[in-house]
Amino acid sequence: MAHYRNLVFKGGGVRGIAYLGALQYLYEHNYMQHVERVAGTSAGAITALATALNLGSFDELKRISDSLDFRKVPAEEDERSIRNNPPRLIALTDRYRELALFKNLQCSMRLVQEKGWYSSDYFYKWLRALIAGQFAVEKEFYTFADFRDASLHRDGREFLNLYVTGTDITNRMARVFSFETTPEMEVALAVRISMSIPLFFEAIEYQYPGTDSPQLYADGGVMWNYPVNIFDEPRFGRLQENGINQETLGFFIFTSPDRTHYKPVKNMIDYVSALFESLLLVQEHLTATGEKNFGRTVFIDDCGVRPTDFDIDTRDDRYAALFESGYEATKDFFSAKTDWASFFRGLRARLGWKEIG
């Protein structure tokens, strides 16, 4: 049995539900027992966080993951923006908050002031509550350093080492948030940054260690949506081959060429969603230009679900389809390890990618 010490999860919006199916397979077949580190971008960062808590059973991991209400994630209001308004405007907010015109006004103001139409405030609070529930010591927030201190954890259990990517818009570069790079950073803030789709959600301010002033951050997927090479150093695994860490296993949600039907672009939000999806598709297609990472990547069909389809819950047929897709893709990956040539040919056909060369 292969021993994987590092897991990496690509971004994918709500399609990250598929990673739960993949993790169920790993738990069922004892692949999790050697994992030491997890990394992720955007939706993959959420999965990486839940996995890093080292809950011990898949059922517990799924329970806490399913407590996230996707329908509330793109919030039109947030407490901070309301609290900062004059008392008269707060009174008007309470009176007219259900009117579509008023909501559009709130979102328009956020777009101008905070660079995003929707607030990720609900998601941030959910992250904070999720993390706090895994600690025996109460604090205002929990950092990457706290994640490494088992004496603070509930039941004294060790967490897995967590790595999260974000995009530093100010300096046009990818950043890694971890115990090594940002030990005093709040973990919930790092994951919030990683999933903040540009213009869709507000930009987040944070000052990276060693810099002179705060930067604005957005979704890690803008520049590094699939950080599978983040552990390609000898210190992260003994089995290094041609610069590739053979003890890393990545999970890559791809856009189904046969089942994806894009909505017409009728308003600004449609445009922002389409723009971001186009950006992510560029990175997906670049993966097809070589087979460097094919032997350590589980490719998961997104079943035609779009990254910003937030109107989904655990009873939805789309949820079930994504979960099953993640499970079956992981099962197929391990079943095909003895015949990679056939696996690659079949995979390229499913992805709609032509042979290279």
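Two strands are taken to pair where DSSP finds at least two bridges between them, and the pairings described in the first legend below rest on that criterion in a predicted model.

**Figure 1. Strand β8 and its antiparallel partners, β4 and β7.** Strand β8, which covers residues 215-218, pairs with strand β4, residues 161-168, in the antiparallel sense and over two bridges. In this pairing, Asp168 is the residue that stands opposite Tyr217 of β8. Strand β7, residues 204-206, also pairs with β8 in the antiparallel sense, here over three bridges, and the bridge partner of Tyr206 in β8 is Gln215. For a reader following side chains along these strands, a general point may help: in a regular strand, side chains alternate between the two faces of the sheet.

**Figure 2. Aromatic pairs, with Tyr25 and Tyr31 as one example and Tyr206 and Tyr217 as another.** The structure holds 30 aromatic pairs. One of them is formed by Tyr25 and Tyr31, whose ring centres are 6.5 Å apart and whose planes make an angle of 15 degrees, an arrangement classed as stacked; Tyr25 and Tyr31 are both buried. The rings of Tyr206 and Tyr217 have centres 6.0 Å apart and planes at 55 degrees, and the pair is therefore classed as tilted. Because Tyr206 belongs to strand β7 and Tyr217 to strand β8, this pair ties together parts of the chain that are eleven residues apart in sequence. Tyr206 is buried, as is Tyr217. Tyr25 and Tyr31 also belong to one aromatic cluster, which they form with Tyr4, Tyr327, Phe333 and Phe334.

**Figure 3. The packing of helix α7 against helix α9.** Helix α7, residues 121-132, packs against helix α9, residues 187-194, at an angle of about 145 degrees, and the two axes are 9 Å apart. The crossing of α7 and α9 is right-handed. On the α7 side the contact is made by Asp121, Phe123, Tyr124, Leu127, Arg128 and Ile131, while α9 contributes Val187, Ala188, Leu189, Val191 and Arg192. Sorted by class, the residues in the contact of α7 with α9 are eight nonpolar and three charged, with no polar residue among them. Helix α9 is mostly covered, with eight of its eight residues buried; these are Val187, Ala188, Leu189, Ala190, Val191, Arg192, Ile193 and Ser194.

**Figure 4. The surroundings of Asn6 in strand β1 and of Gly40 in strand β2.** Asn6 lies in strand β1, residues 6-9, and has a relative accessibility of 0%, so this residue counts as buried. When neighbours within four places in sequence are left aside, Asn6 is in contact with Arg37, Phe231, Phe236, Asn245, Glu247, Thr248 and Leu249. Gly40, in strand β2, is likewise buried, with a relative accessible area of 0%. With neighbours within four places again left aside, the contacts of Gly40 are Phe9, Ala45, Ala48, Tyr163, Val164, Thr165 and Ser194. Gly40 and Trp224 are separated by 184 residues in sequence, yet their C-alpha atoms are 9.7 Å apart in space.

**Figure 5. Two loop residues with positive phi, Ser42 and Asp155.** Most residues other than glycine have a negative phi, and this general tendency is the background for the view. Ser42 is not a glycine, yet has a positive phi of about 55 degrees; its place is in the loop between β2 (37-40) and α2 (43-52). Asp155, also not a glycine, has a positive phi of about 70 degrees and lies in the loop between α8 (144-147) and β4. Ser42 is buried, with a relative accessible area of 7%, whereas Asp155 has a relative accessibility of 71% and therefore counts as exposed, since the cut-off for that class is over 50%.

**Figure 6. The whole chain, as context for the close-up views.** The secondary structure of the chain comes to twelve helices and twelve strands. Of the 357 residues in the chain, 55% are buried. Among contacts between residues at least 6 apart in sequence, 74% join residues that are at least 24 apart.

Definitions and conventions:
Residues numbered from 1 in each chain as written. Predicted model: local features only at pLDDT ≥ 70, side-chain atom pairs only at ≥ 80, totals over all residues. Heavy atoms only, no water. Axes fitted to C-alpha atoms, helices over the stretch in contact; angles between N-to-C directions. Helix = DSSP H or I, 4+ residues; strand = E, 2+ residues; numbered from the N terminus. Left-handed = near helix turned anticlockwise from the far one by under 90°. Contact = heavy atoms within 4.5 Å. Nonpolar A, V, L, I, M, F, W, Y, C, P; charged D, E, K, R; others polar. Phe/Tyr/Trp six-rings, centres within 6.5 Å; stacked < 30°, edge-to-face > 60°. Buried < 20%, exposed > 50% of the residue type's maximum accessible area, 1.4 Å probe, protein only.
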